[in-house]
Amino acid sequence: MDCIFCKIVKKEIPAEIIYEDDKVIAFKDINPAAPIHILFIPKEHIDSVNFLDEVHIDLIGELFLKIKEVAKKLNIANKGYRIVNNCGELGGQTVNHLHLHLLGERQMQWPPG
Ligand code: AMP
Ligand code: ZN
């Protein structure tokens, strides 16, 4: 399968890795939309939220806990930040490997574009 995020997991292409364990990896977005823009992905390939099922419940919890820990470490926990998931074409998903964006260090707007 030709998935760019799976290649980052396998270290076949470089990334600025911020956090890694056996299930999750977090790395800087190559085209940052905020001063802090980190992608959190499961190492397991899952296309999108549409492909989640019960076996992934713990994994999704892990992703959110790791975002919380990294946000604290980067000193943005108290200031606030945004977590984004884009799903499918109208959702704006461009990489079909499920990921959560952590965006911080600027004022976010609502509604999103
Ligand atoms: P999405 O549009 O929600 O699918 O998000 C995909 C994100 O992946 C975009 O913000 C891209 O800038 C980012 N991206 C694509 N290729 C890479 C890469 N090789 N390393 C880091 N981030 C990437
Ligand atoms: Zn993948």
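Biologist: In this predicted model, how far is an oxygen atom of ligand 1 from an N or O atom in the side chain of His-99?

Modeller: His-99 is among the residues that come nearest to ligand 1. Pairs of N or O atoms count as polar contacts within 3.5 Å. The one between an oxygen atom of the ligand and the His-99 side chain falls at 2.9 Å.

Biologist: And how much of ligand 1's accessible area does the protein cover?

Modeller: Taken on its own, ligand 1 has 500 Å² of accessible area. The share of that covered by the protein is 84%.

Biologist: What about the backbone: how far from an oxygen atom of ligand 1 is a backbone N or O atom of Val-95?

Modeller: There are backbone partners to look at here. Gly-92 has a polar backbone atom 3.1 Å from an oxygen atom of ligand 1. For Val-95, the backbone N or O atom sits at 3.0 Å.

Biologist: Which element supplies the largest share of the shell around ligand 1?

Modeller: The shell holds 16 residues, with Asp-29, Asn-86, Thr-94, His-99 and His-101 coming nearest. By type, they split into seven nonpolar, seven polar and two charged. Strand 2 (24–28) gives at least two of them, as does helix 1 (4–9). The largest share is three residues, and it comes from helix 1.

Biologist: Which pocket does ligand 1 take up?

Modeller: One pocket of this model has a volume of about 460 Å³, and that is the largest pocket. Its lining has 22 residues, and the closest to the centre are Phe-5, Asp-29, Ile-30, Asn-31 and Leu-39. The space taken by ligand 1 is that same one, the largest pocket.

Biologist: How many residues does helix 1 give to the lining of the largest pocket?

Modeller: The lining divides into 11 nonpolar, eight polar and three charged residues. Strand 2 and strand 3 (36–42) each supply at least two, and so does helix 1. Helix 1 gives the most, and its count is three.

Biologist: Moving on, which strands each supply at least two residues of the lining of the second largest pocket?

Modeller: This pocket holds about 290 Å³ of space. It is lined by 15 residues, and nearest its centre lie Val-84, Asn-86, Leu-103, Pro-112 and Gly-113. The strands giving at least two each are strand 4 (81–84) and strand 5 (100–104).

Biologist: How many of the residues lining the second largest pocket are charged?

Modeller: Six residues of this lining are nonpolar and seven are polar. The charged ones number two.

Conventions:
Residues are numbered from 1 along each chain as its sequence is written. Chains are lettered from A and ligands numbered from 1 in the order in which they are written. This is a predicted model: local features need pLDDT of at least 70, side-chain atom pairs count only at pLDDT 80 or more; totals for chains, interfaces and linings use all residues. Side-chain values use heavy atoms; hydrogens and water are left out. A residue is near a molecule or strand if one of its heavy atoms lies within 4 Å of it. A polar contact is a pair of N or O atoms within 3.5 Å; within protein, one must be able to donate a hydrogen and the other to accept it, and residues adjacent in sequence count only if both atoms are side-chain atoms. Accessible areas come from the Shrake-Rupley method with a 1.4 Å probe; for residues, only the protein chains shown count as cover. On a 1 Å grid over the protein atoms alone, a cavity is a set of points where a 1.4 Å probe fits but cannot get out, and a pocket is an open set with protein on both sides within 12 Å along at least five of seven lines; lining residues have an atom within 4 Å of a point. A molecule sits in a cavity or pocket if more than half of its atoms lie within 2 Å of its grid points. Helices (H or I, at least four residues) and strands (E, at least two) are DSSP runs, numbered from the N terminus. Ala, Val, Leu, Ile, Met, Phe, Trp, Tyr, Cys and Pro count as nonpolar, Asp, Glu, Lys and Arg as charged, and the others, Gly among them, as polar. Grid points are joined across faces, edges and corners, and a volume is the space filled by probe spheres set on the points.
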